[in-house]
Amino acid sequence: MDRANALAALDDAERRQRTIARHARWPVVVLAVWAVLTLVVEIATAFLPGIWTLLAVALILPFVIWTAVHANRQRVTSRGFAVRYMIVVGVWAVLHMAYMFVLVSVGKGNVLLAVAGSVVVATPLVVGAVVEGRRS
Amino acid sequence: MSHPRHELDDVIHSPVRLSIVAALAVADKAEFALVRDTVEITDSALSKQLVILEQAHYVKVTKGHVGKRPRTWLSLTRVGRRAYAKHLAALRAIAGQDLQ
């Protein structure tokens, strides 16, 4: 094999990888939608009274289930995605619980807390979307 | 020092098999039909190459269902990833060596 053949083989491999990577972009959309949903739900939770906070859970839960079904239907899963996704979900869950704890401690109706808290909780999802976008 | 061509993997050296392995390298798993379309070969040609890659323990083939539709998933094994990395390194060495 000479240099030209080696370069052609490397170029071909690179092209196939790019094609598959393009099909593995679906987590970007999922994580971005989840981030927006988180922003809306977390802000709403800070202002909705009592039982209405369950509305927030009612919005998130079907989305999480849909995400699992959607992921299972995809034609390709990018390398290491499962681990990265679990890290994002884990950090999101911890931040969400911390936000709920602060809300209960400080009290509802604080605009600054609601906005800052929801942005912080949505951050791992945004970071996850950016990371997945850069990988594909 | 031996020429890097000696480091080329005999199984992946075939252009079609290199394309298949390259396609699978960026994925945990990929659907048979997607790999077929990406590599631009027929079902039977892909199946034939997969047998060779499976025998070398480079690729794992898993059958399953999405809803009622049967699907076949392909993934690179750890052995396959190592072989691909080594093959790529050899190709880069060949490409680079002739530059000097």
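This report describes a mixed-chain sheet and the helices packed about it in a predicted model.

Residues are numbered from 1 along each chain as its sequence is written, and chains are lettered from A and ligands numbered from 1 in the order in which they are written. In this predicted model, local features need pLDDT of at least 70, side-chain atom pairs count only at pLDDT 80 or more, and totals for chains, interfaces and linings use all residues, while side-chain values use heavy atoms, with hydrogens and water left out.

**The sheet**

Helices (H or I, at least four residues) and strands (E, at least two) are DSSP runs numbered from the N terminus. Two strands count as paired if DSSP finds at least two bridges between them. An open sheet of 4 strands, with antiparallel pairing, follows the order E1(A)-E1(B)-E3(B)-E2(B). Its edge strands are E1 of chain A and E2 of chain B, each of which pairs on one side only. On average, neighbouring strands of this sheet are turned by 25° against each other, direction ignored; axes are lines fitted to C-alpha atoms, for helices over the stretch in contact, and angles run from 0 to 180 degrees between N-to-C directions.

The antiparallel pairings are listed below.

| Strand pair | Bridges | Bridge partners |
|---|---|---|
| E1(A), residues 76-78, and E1(B), residues 27-31 | 3 bridges | A:Val76 and B:Ala30 |
| E1(B) and E3(B) | 2 bridges | B:Glu31 and B:Trp73 |
| E2(B) and E3(B) | 8 bridges | B:Thr62 and B:Trp73 |

B:Trp73 of E3(B) is thus named twice, as the bridge partner of B:Glu31 and as the residue opposite B:Thr62.

**The helices**

H2(B) lies across E1 of chain A together with E1 and E3 of chain B, and runs at about 90° to E1(B).

Helix H3 of chain B comprises 13 residues (43-55); at 1.5 Å a residue, it should span 18 Å, and the 18 Å between its end C-alpha atoms agrees. The expected span is 1.5 Å times one less than the number of residues. In H3(B), B:Leu46, B:Gln49, B:Leu50 and B:Leu53 are buried, meaning under 20% relative accessible area, with exposed over 50% and partly exposed in between (1.4 Å probe, protein chains only). Seen down the axis of H3(B), these buried residues fall within an arc of 110°, so they line one face of the helix; the arc is that of the directions from the helix axis to the C-beta atoms. They pack against H1 (15-25), H2 (32-39), E2 (59-66) and E3 (69-76) of chain B, contact being heavy atoms within 4.5 Å. The face turned away from the buried side carries the exposed residues B:Ser44, B:Lys48 and B:Gln55. Just after H3(B), B:His57 takes a positive phi of about 65°.
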